[in-house]
Amino acid sequence: MELPNQAPEEGSSQHQKKMGRGKIEIKRIENTTNRQVTFCKRRNGLLKKAYELSVLCDAEVALVVFSSRGRLYEYANNRISRILSVRGTIERYKKASAASSNTESVSEANTQFYQQESSKLRRQIRDIQNLNRHILGEALSSLSLKELKNLESRLEKGLSRVRSRKHETLFADVEFMQKREIELQNHNNYLRAKIAEHERAQQQQQQEQEQQNLMHGNMCEDQSTIASQTYDRNFFPINLLDSNNHQYSRQDHTALQLV
């Protein structure tokens with residue numbers, strides 16, 4: 001009797017297991033009791049997931065949940081204190097969001113500033129190019145009489161400044177050349193004096209050399225004259241002997257020494 005009653009129960013449980021959990025429509029639960037139960041279950045699951053995320057991934061997690069009645073539920077993985085940890089994480093979040101917003105605002109401000117500066121520079125370049133063409137006498141048809149007079153006065157002022165500067169440069173160059181000329185003349189006079197002094201020294205040395213040579217020649221002549229006119233007392237010339245004695249040959253006509 002009991003077996004037939006148990007069989008359908010087992011079959012129904014297996015059917016429920018095969019069916020599994022169906023999809024739940026996400027909308028507000030009207031029943032207060034069911035809504036509170038669902039809130040408790042989902043809250044616990046959310047806290048569990050936050051804890052697992054902080055442990056597995058070593059992440060800083062802070063979770064703040066307010067119920068429909070205004071009750072606060074929070075979680076933080078800081079070891080010091082849950083309240084301080086949540087506050088610290090919130091402050092960190094504020095700083096990060098402020099930094100990102102400031103970065104974006106700064107980049108936008110920089111982009112706008114650079115765009116304005118580029119437009120100013122382009123306008124200035126265009127004005128300078130037009131002014132250069134006007135100075136060269138080009139594209140004058142678009143100018144009015146007043147603008148032409150202003151351009152003429154500017155050109156006259158610029159021309160006067162150019163001429164004054166040219167005269168100053170010429171005077172400075174002339175003064176420099178004059179100073180350079182005086183320096184070169186002084187250097188030339190110095191070189192001439194050195195050359196003249198060198199020539200005088202050479203002439204004096206040459207004269208002294210000539211005098212020495214002349215004195216040496218005179219001394220040689222005097223010595224030869226004295227040698228030809230004087231005789232040594234110990235020698236007699238061969239012609240002082242008896243000229244009739246011819247026992248000596250001519251090749252023996254030498255001086256005889258007395259001993």
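Four salt bridges are counted in this protein, and the model you are looking at is a predicted one. Three of those pairs are described below, along with the nonpolar core and two patches on the surface. The chain has 259 residues, of which 7% are buried.

**Overall layout**

- The protein is built from four helices and four strands.
- Reading from the N terminus, you will meet these elements in the order α-α-β-β-α-α-β-β.
- Two of the helices come up again below: α3 covers residues 82-135, and α4 covers residues 145-229.
- Two strands also return: β1 spans 62-66 and β2 spans 72-76.

**The nonpolar core**

- As a general background, nonpolar side chains in soluble globular proteins tend to be buried together.
- Here the largest nonpolar core is made of six residues, namely Ala50, Val61, Leu63, Val65, Tyr73 and Tyr75.
- Strands β1 and β2 are the elements that each supply two or more residues to this core.

**A nonpolar patch on the surface**

- Val64, Phe66, Leu72 and Ile90 form a nonpolar surface patch of about 350 Å².
- One of these residues, Phe66, belongs to strand β1.
- Is Phe66 buried or exposed? Phe66 counts as exposed because its relative accessibility is 54%, and the cut-off for that label is over 50%.

**A positive patch on the surface**

- Positive charge gathers on the surface in a patch formed by Lys120, Arg122, Arg123 and Arg126.
- If you want to find Lys120 in the structure, look in helix α3.
- Lys120 has a relative accessible area of 38%, so this residue is classed as partly exposed.

**Salt bridges in helix α4**

- In general, side chains of opposite charge can pair when their charged atoms come close.
- Which residue does Glu168 meet in a salt bridge? The partner is Arg165, with an N to O distance of 3.5 Å.
- Glu168 and Arg165 are separated by about one helical turn, because they sit three residues apart in helix α4.
- The two partners carry different labels for exposure: Glu168 is partly exposed at 48% relative accessibility, whereas Arg165 is exposed at 53%.
- Lys179 and Glu175 form another salt bridge, with N to O at 3.8 Å.
- Helix α4 holds both Lys179 and Glu175, which lie four residues apart, about one turn of the helix.
- Lys179 is partly exposed, with a relative accessibility of 49%, and Glu175 is also partly exposed, at 44%.
- How far apart are the closest N and O atoms of Arg180 and Glu183? They are 3.5 Å apart, and the two residues form a salt bridge.
- Arg180 and Glu183 are both in helix α4 and three residues apart, again about one turn of the helix.
- Arg180 is partly exposed at 41% relative accessibility, and Glu183 is partly exposed with a relative accessible area of 47%.

How values were computed. Residues are numbered from 1 along each chain as its sequence is written. This is a predicted model: local features need pLDDT of at least 70, side-chain atom pairs count only at pLDDT 80 or more; totals for chains, interfaces and linings use all residues. Side-chain values use heavy atoms; hydrogens and water are left out. A nonpolar core is a set of buried Ala, Val, Leu, Ile, Met, Phe, Trp, Tyr and Cys residues joined through side-chain atoms within 4.5 Å. Buried means under 20% relative accessible area, exposed over 50%, partly exposed in between (1.4 Å probe, protein chains only). Patches are made of residues with over 30% relative accessible area and no salt bridge: like charges are joined within 9 Å, nonpolar side chains (Val, Leu, Ile, Met, Phe, Trp, Tyr) within 5 Å. Accessible areas come from the Shrake-Rupley method with a 1.4 Å probe; for residues, only the protein chains shown count as cover. A salt bridge is a side-chain nitrogen of Lys or Arg within 4 Å of a carboxyl oxygen of Asp or Glu. Lys and Arg count as positive and Asp and Glu as negative; His and the chain ends are not counted. The place of a charge is taken as NZ of Lys, CZ of Arg, CG of Asp or CD of Glu.
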